[in-house]
Amino acid sequence: MISNLCRSATTMLAAAALLATLGTEPAVAETVAISTLPPGAINNVQAAAIAKAIQEHSDLQMRLLTFSSPAAIIGAVQNKQAEFAYTSNEEAGDAFTGINQHQGRPMKDLRVAFTVFPFRVGIIVRNNSDIKRVADMKGKRVGSEWTSFKQGIALWNGLLANAGLGLKDTSPVPTTDLLRAADDFKAGKTDAFMFAVGGPRVAEIHASIDGGVRFLNMENSPRANARMQAVRREYHVATVQPAPNFPGVLGPTNLMEYYIVMLTHKDAPESLVYKVVKTVYANKPALVAGHPSFRAFTQAGMAARQDRLQYHPGALKFFKEAGIAVGQ
């Protein structure tokens with residue numbers, strides 16, 4: 001009897017030791033967050049596509065934190081509320097250097113994990129509108145104040161500067177943010193609104209208005225680009241071709257372009273940033289499946305030149321291993 005008990009105890013101890021070695025529960029995946037704009041903005045859809053690809057092809061879990069303004073999105077990383085932020089290089093550049101709406105409050109802890117791709121924004125009018133050129137925007141009703149989305153002021157001034165205009169030359173209609181301004185246009189309160197090509201809200205408005213909407217074709221010349229870059233140095237003109245997911249782009253159309261970046265904090269673990277960059281690098285098909293805009297994503301472009309921003313050491317480590325030249 002005692003012998004049997006001893007053997008049983010020995011077996012139980014061995015089993016316990018084995019369980020301790022193997023773990024009695026599956027490992028819990030690390031959860032990290034990406035801050036971005038709310039649903040309805042294309043940034044939200046694109047950030048979700050990145051999060052999904054990373055979840056499916058790494059041991060990380062990613063969730064989205066949404067904010068109505070780029071300042072709050074970027075601030076979430078600066079203040080360590082989120083590990084990553086999906087935003088524009090022009091807004092991030094202002095935040096890092098502490099100018100414009102970030103005057104006196106530079107966010108020096110920001111670093112770039114990777115550059116996502118070029119991002120195109122334009123002025124949208126009703127297709128049957130008599131507004132044909134950016135110069136025709138003089139005196140027209142557009143969103144103003146942008147109390148929850150201060151970037152809207154710079155975006156409008158950059159777009160209008162293409163024709164030598166600014167918000168001061170339009171008829172102001174107070175608004176809060178990007179999505180509210182789009183709704184005001186849909187309701188007939190404004191003559192034009194600005195939005196990114198391929199944005200879900202653009203598709204919704206295009207389908208709801210008789211004749212649909214149309215992006216204005218911008219002037220592509222050194223003089224026009226210089227006027228835009230006087231507003232924000234990252235702004236420039238690029239040509240967009242029509243595509244099924246680009247409502248309002250009726251033919252080759254010149255729009256304003258800058259870049260989207262994935263930001264992180266300087267103190268983010270090198271191993272985490274490395275893993276995220278490596279996973280994104282290897283999984284373009286998964287990104288495209290999440291949203292067709294990722295056809296513009298390139299591996300070499302992940303290390304694109306960012307004049308006012310710095311790359312994180314984890315990103316630089318991967319770029320070196322992958323043979324990607326930084327700052328091209």
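Which residues lie nearest the centre of the largest cavity? In this predicted model, they are L37, N43, F119, L178 and Y258. These residues belong to a lining of 20 residues. The volume of the largest cavity is about 190 Å³.

Several elements contribute to this lining. Helices α2, α3 and α5 (151-161) each supply at least two of its residues. So do strands β3 (84-88), β4, β7 (193-196) and β10 (253-265). The character of the lining is mostly nonpolar, with 16 nonpolar and 4 polar residues. No charged residue takes part in the lining of the largest cavity.

The search of the whole structure returned 2 cavities of 30 Å³ or more. The second largest cavity has a volume of about 30 Å³. Its lining consists of V142, G143, W146, W156, A181, T190, A192, F193 and M194. Two or more of these residues come from β5 (141-145), and two or more come from β7. By class, 7 residues of this lining are nonpolar and 2 are polar. Charged residues are absent from the lining of the second largest cavity.

Open pockets were examined next. The largest pocket has a volume of about 270 Å³. It is lined by 16 residues. P118, R120, F246, S293 and A296 are the closest of these to the pocket centre. Two elements, α2 (42-57) and β4 (110-126), give two or more residues to the lining. Strand β4 gives the most, with 4 residues. The lining of the largest pocket divides into 10 nonpolar, 4 polar and 2 charged residues. Both α2 and β4 also supply at least two residues each to the lining of the largest cavity.

The second largest pocket has a volume of about 190 Å³. N89, R233, E234, H236 and Y259 are among its lining residues. The run A304, R305, Q306, D307, R308 and L309 completes the lining. Its class profile is 5 charged, 3 polar and 3 nonpolar residues.

Helix packing was then considered. Two packed helices are described by the angle between their axes and the distance between the axes. The axes of α9 (residues 270-282) and α11 (residues 313-322) come within 7 Å. They cross at roughly 45°, and α9 is therefore oblique to α11. The crossing of α9 past α11 is right-handed. On the α9 side, the contact involves E270, V273, Y274, V277, K278 and Y281. On the α11 side, P313, G314, A315, K317, F318, F319, E321 and A322 take part. The residues of this contact comprise 9 nonpolar, 1 polar and 4 charged.

Helix α9 also packs against α2. Here the axes come within 10 Å and cross at roughly 100°. An angle of 65 to 115 degrees counts as roughly perpendicular, so α2 is roughly perpendicular to α9. From α2, the residues I50, A53, I54 and H57 meet α9. Their partners in α9 are V276, T279 and V280. This contact has 5 nonpolar and 2 polar residues, with no charged residue.

A further pair is formed by α3 (residues 70-78) and α4 (residues 89-97). The two helices pack at an angle of about 60°. Their axes are 10 Å apart. This angle makes α3 oblique to α4. Helix α3 passes α4 in a right-handed crossing. The contact is made by P70, A71 and I74 on the α3 side. Helix α4 contributes E91, A92 and A95. By class, 5 residues of this contact are nonpolar and 1 is charged, with no polar residue. Helix α3 is also one of the elements that supply at least two residues each to the lining of the largest cavity.

Key:
Residues numbered from 1 in each chain as written. Predicted model: local features only at pLDDT ≥ 70, side-chain atom pairs only at ≥ 80, totals over all residues. Heavy atoms only, no water. 1 Å grid on protein atoms, 1.4 Å probe; cavity = no way out; pocket = protein on both sides within 12 Å on 5 of 7 lines; lining within 4 Å. Points joined across faces, edges and corners; volume = space filled by probe spheres on them. Nonpolar A, V, L, I, M, F, W, Y, C, P; charged D, E, K, R; others polar. Axes fitted to C-alpha atoms, helices over the stretch in contact; angles between N-to-C directions. Parallel < 35°, antiparallel > 145°, perpendicular 65-115°, else oblique. Left-handed = near helix turned anticlockwise from the far one by under 90°. Contact = heavy atoms within 4.5 Å.
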